[in-house]
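This report considers how one protein chain is arranged in space. Please have the sequence and the structure at hand while reading.

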Amino acid sequence: MAVTLNRADRVVLHNISWQQFENLLKDLGDRRSARIAYDRGTLEIMTPLPEHEYFKETIGDAVKDIAETLELDYESYGSTTWRREIKQAGLEPDNCFYFQNEALVRGKLNFDLNQDPPPDLALEIDITSKSLDRFPIYARLGVPELWCYDNGALKIYHLQSDQYVEAERSLVFPMLEIQKLPQIIEAHRNAGRLALRRSVREWAREGMRNEG
């Protein structure tokens, strides 16, 4: 096993077997702040910084606020550890949601990606600062849509032929210009959480009216 120290908030381990990965997950347990990603023997353990957590929570809340405004059923599974041994892939997104497949997983507390569908939407914050490229891992897990927030910009990616392609519209919320969310967040960040969430809901309602 080789260790690469990148920054104070992360460590990368090489030549890690799948069994070692599974054992590490058990040792670390569920109640931890560290996030993990595994790609064919390379393991990254990252401890998120406050800025990361702020945008993770804010954009995650926005997804829920939009869904409720549009009256769309959804399930949110946060930073669940998603993994498939046959694909040698595992990671914990900053947040993840079911929309298109919500009815298939409604109320589920245990998942097996060999049988269950992966999340329909995953959220990644500060993706360029992460040492391990998440895109190939998500692709092998089969997640159809990613939102990646980085340096004030939110980009949408769709899975096409085992690769992610940047897209203009979300599969989940095709009527909204999701890329505008960072502008809304920045404009209301100092007004407090309630004001920010009200603004997101009003923006979603306006998008619905324009679509109609």
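The sections below treat a pocket, a helix, the nonpolar cores and several single residues.

## The model and its largest pocket

The structure is a predicted model. Rolling a probe the size of a water molecule over the atoms shows where empty space is left. The largest pocket has a volume of about 670 Å³. Its lining consists of 27 residues, and those nearest the centre of the pocket are Asp30, Thr80, Thr81, Trp82 and Arg83.

Two elements, α1 (18-28) and β6 (82-84), each give two or more residues to this lining. Helix α1 gives the most, with four residues. By residue type, the lining of the largest pocket comprises eleven charged, nine nonpolar and seven polar residues.

## Helix α1

Helix α1 contributes to the pocket lining and also has buried residues, namely Trp18, Phe21, Glu22 and Leu25. These residues lie on the same side of α1, because they cover an arc of only 95° around the axis.

The buried residues of α1 pack against four strands: β3 (35-39), β4 (42-46), β6 and β7 (89-91). Strand β6 thus appears in this packing as well as in the lining of the largest pocket. After α1 comes Gly29, which has a positive phi, near 75°.

## Two nonpolar cores

In soluble globular proteins, nonpolar side chains tend to be buried together. In this model, the largest nonpolar core has 29 residues. The members that touch the most others are Ile66, Phe99, Trp147, Phe173, Leu176, Ile178 and Leu181.

Several elements give two or more residues to this core: the helices α2 (50-69), α5 (181-188) and α6 (193-211), and the strands β9 (121-125), β10 (145-150) and β11 (153-160). The largest share, six residues, comes from α2. A second core of 20 residues is separate from this one, and its members include Leu113, Leu132, Ala139 and Val143.

## Two aspartates in contrasting settings

Is Asp39 buried or exposed? Asp39 is buried, because its relative accessible area is 15%, below the 20% limit for that class. This residue belongs to strand β3. Apart from residues up to four places away in sequence, Asp39 touches Gln88, Leu132, Ile137 and Arg140. One of these, Leu132, is also a member of the second core.

Asp73 is found in the loop between α2 and β5 (75-76). Asp73 is exposed, since its relative accessible area of 51% is over the 50% limit. With neighbours within four places in sequence left aside, Asp73 is in contact with Tyr98, Phe99, Glu102 and Arg106. Asp73 and Phe99 are 26 residues apart along the chain, and 6.6 Å separates their C-alpha atoms. Phe99 also belongs to the largest nonpolar core.

## Positive phi in two loop residues

Asn151 is not a glycine, yet its phi is positive, at about 50°. Asn151 is located in the loop that joins β10 and β11. With a relative accessible area of 71%, Asn151 is exposed.

Ser161 is likewise not a glycine and has a positive phi of about 50°. The loop between β11 and β12 (163-167) contains Ser161. Ser161 is exposed, and its relative accessible area is 74%.

Technical notes
Residues are numbered from 1 along each chain as its sequence is written. This is a predicted model: local features need pLDDT of at least 70, side-chain atom pairs count only at pLDDT 80 or more; totals for chains, interfaces and linings use all residues. Side-chain values use heavy atoms; hydrogens and water are left out. On a 1 Å grid over the protein atoms alone, a cavity is a set of points where a 1.4 Å probe fits but cannot get out, and a pocket is an open set with protein on both sides within 12 Å along at least five of seven lines; lining residues have an atom within 4 Å of a point. Grid points are joined across faces, edges and corners, and a volume is the space filled by probe spheres set on the points. Ala, Val, Leu, Ile, Met, Phe, Trp, Tyr, Cys and Pro count as nonpolar, Asp, Glu, Lys and Arg as charged, and the others, Gly among them, as polar. Buried means under 20% relative accessible area, exposed over 50%, partly exposed in between (1.4 Å probe, protein chains only). The arc is that of the directions from the helix axis to the C-beta atoms. Contact means heavy atoms within 4.5 Å. A nonpolar core is a set of buried Ala, Val, Leu, Ile, Met, Phe, Trp, Tyr and Cys residues joined through side-chain atoms within 4.5 Å.
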